[in-house]
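Subject: Structure handover

Hello,

Please find the structure below. Notes on a pocket and on one residue follow.

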Amino acid sequence: MIWFFERESASLRCEIRREMAGEGYEVVVAEGAAEKVERVESPADHIQPPQHVWAALLAEGWRPLGGDPRPMR
């Protein structure tokens, strides 16, 4: 699942994906070429949107792109 955020003229991508070389999952927050990756073992950890990541982004002034928080699948 992928969500896009915006802040002024910048954009950011928040993605939940399967780990490429393993059986876990990753939460990726990417702004431009910079990526921050958080790995977890259980898919149950990511069934719901990563609320702690969203809360941090909103606190930093990021907003869902177009005001629509629905994920892109």
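Helices (H or I, at least four residues) and strands (E, at least two) are DSSP runs, numbered from the N terminus. This is a predicted model, in which local features need pLDDT of at least 70 and side-chain atom pairs count only at pLDDT 80 or more, while totals for chains, interfaces and linings use all residues. Residues are numbered from 1 along each chain as its sequence is written, and side-chain values use heavy atoms, with hydrogens and water left out.

The pocket

A pocket is an open set of points on a 1 Å grid over the protein atoms alone, where a 1.4 Å probe fits, with protein on both sides within 12 Å along at least five of seven lines; lining residues have an atom within 4 Å of a point. The largest pocket has a volume (the space filled by probe spheres set on the points) of about 250 Å³. It is lined by 16 residues, of which Leu12, Val29, Lys36, Val53 and Leu57 are the closest to its centre. Strand S3 (25-31), strand S4 (34-40) and helix H1 (51-59) each give two or more residues to the lining. S4 supplies the largest share, 5 residues.

Glutamate 15

Glutamate 15 lies in strand S2 (residues 10-18). With a relative accessible area of 15%, glutamate 15 is buried (under 20%, 1.4 Å probe, protein chains only). Its C-alpha is 5.6 Å from that of methionine 1, at a separation of 14 residues in sequence. Leaving aside residues up to four places away in sequence, glutamate 15 touches Met1, Ile2, Glu26, Val27 and Val28 (heavy atoms within 4.5 Å).

Regards

Notes. Buried means under 20% relative accessible area, exposed over 50%, partly exposed in between (1.4 Å probe, protein chains only).
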